[in-house]
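Q: Please take a close look at the aromatic side chains of this model. An account of how the rings are placed, with the criteria applied, would be helpful.

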Amino acid sequence: MRPVSDKFLETLRGSHLAVFRARVQSGFLIGTNPGGTELPILAGDVQFSATADIRSTLNLTTSWPWPASATDTLAPYGSYIYVERGLAYGNAQREWVGLGYYRIDTIEQDTAPDGEIVISGSDRNAGLRDARFEAPQQFPLTWTNGDVVNALIWGVYNFAGIIEWDSPAVRDDTINRTIITENDRLPVLLDLLTSLGKIGYWDQRGIFVIKTPPDVTGAPTWTVDAGANGVLVQMRRGLTREGVYNAVVATGEAGDTKAPARGVAYDLNPNSPTYYNGGFGKVPRFYSSPFITTNAQARTAANALLRQQLGLPYQVDLSSIANPALEPYDVLQVAYPKTSRNRALLTETHVIDQITIPLTPKAPVSLKTREQQKALS
């Protein structure tokens with residue numbers, strides 16, 4: 001969960017005044033107070049997904065004038081919008097939660113020349129996706145993981161200090177194999193991180209954060225509950241086995257003389273509905289990367305991939321009073337009535353897969369979650 005004060009979380013459960021801010025800048029900036037030209041917000045939202053290559057996207061409706069030239073504020077030629085949602089406490093005090101930087105991708109106006117403008121934007125992974133290599137690239141075996149990440153990201157965003165690792169040891173480890181890539185920059189970056197058992201995303205500061213996926217078996221960071229002082233608005237649920245696997249086989253092969261690496265992770269929890277040796281059946285996923293050079297690394301990648309889907313196949317869509325601090329992989333406690341007649345609350349623990357944070361005061365936050373299971377045995 002993004003950092004907020006205890007007062008912020010307490011205030012959300014009562015009567016409160018939500019505030020919104022979107023500021024547009026030209027060029028690359030970082031930080032949670034970048035300045036820029038403030039846009040009127042008429043409607044919109046920010047969507048986050050734990051598994052999408054473009055982790056977050058923006059949809060914003062404004063009354064700003066249509067750009068008269070390629071250098072105007074909303075022209076989609078390098079401008080970014082920094083978006084925030086927060087609370088007004090009174091006495092002109094406000095607490096803001098940054099939702100990130102979004103490149104302006106498209107602008108549309110259904111009623112020209114003076115109608116509202118709808119802006120679509122993407123996080124900075126869109127720039128990495130678009131900046132494909134003009135020729136094959138080679139990464140020497142003596143390069144570290146950090147060297148490769150720096151080359152991939154700095155080749156588009158040439159700014160020191162925009163990459164943050166949770167493990168300097170992993171960052172400084174060598175890749176141990178000469179890697180030749182074709183033309184796709186973003187898939188190479190994501191493949192490297194997956195092979196290391198890591199995820200990477202642009203956070204609210206505009207920093208590319210590389211970290212081990214959060215422990216989805218951890219303690220809840222927020223409670224979504226019904227009843228007095230509760231924040232649950234609506235709940236929809238379903239069960240599916242589509243896209244669910246209970247084992248991951250990770251391998252590493254390339255055109256060199258190194259022996260192929262291999263590692264396997266299983267759901268071996270007998271109490272899990274997707275127990276590998278249970279009635280669900282054996283449903284492995286296969287993942288291969290040239291960045292995997294040792295069996296230990298293969299096991300790390302396999303475990304990370306399997307842990308990222310713990311809790312499926314029980315999926316829940318929630319509408320809740322908006323808490324803009326929530327992020328993918330946050331653990332929630334969800335409490336709802338057993339039946340329409342029995343109002344006693346059932347309590348479950350869920351992990352956020354997707355979240356939509358509205359930029360208007362009356363709309364609830366929308367979450368897609370999965371019920372948390374115990375750790376793998």
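At what relative accessibility does Phe139 stand, and does this residue count as buried or exposed?

A: Phe139 has a relative accessibility of 3% and therefore counts as buried (under 20% relative accessible area; exposed is over 50% and partly exposed in between, with a 1.4 Å probe and protein chains only). The model is predicted, so that local features need pLDDT of at least 70 and side-chain atom pairs pLDDT 80 or more, while totals for chains, interfaces and linings use all residues. Residues are numbered from 1 along each chain as its sequence is written, and side-chain values rest on heavy atoms, without hydrogens and water.

Seven aromatic pairs are present in the structure (ring centres of Phe, Tyr or Trp, the last by its six-membered ring, within 6.5 Å; planes under 30 degrees apart are stacked, over 60 edge-to-face, the rest tilted). One of them joins Phe139 to Trp143: a plane angle of 40° makes this pair tilted, with 5.7 Å between the ring centres. Its two members are not alike in accessibility, since Phe139 is buried at 3%, whereas Trp143, at 28% relative accessibility, is partly exposed.

A pair of another geometry is formed by Tyr157 and Trp202, which is edge-to-face because the planes stand at 85°, the centres being 5.5 Å apart. Tyr157 belongs to the loop between α3 (145-154) and β9 (163-165), and Trp202 to strand β11, so this contact ties together parts 45 residues apart in sequence (helices, H or I, of at least four residues and strands, E, of at least two are DSSP runs numbered from the N terminus). Both Tyr157 and Trp202 are buried.

Tyr157 and Trp202 also take part in a single aromatic cluster, whose other members are Phe28, Phe159 and Phe208. Phe28 in turn has a charged partner: Arg124 lies over the face of its ring, 3.8 Å from the ring centre (NZ of Lys or CZ of Arg within 6 Å of the centre and within 35 degrees of the ring normal). A further arrangement of this kind involves Arg2, whose charged end sits over the ring of Phe48 at 4.7 Å from its centre.

In summary, Phe139 is a buried residue in a tilted pair with Trp143. Elsewhere, the edge-to-face pair of Tyr157 and Trp202 belongs to the cluster that includes Phe28, over whose face Arg124 lies.
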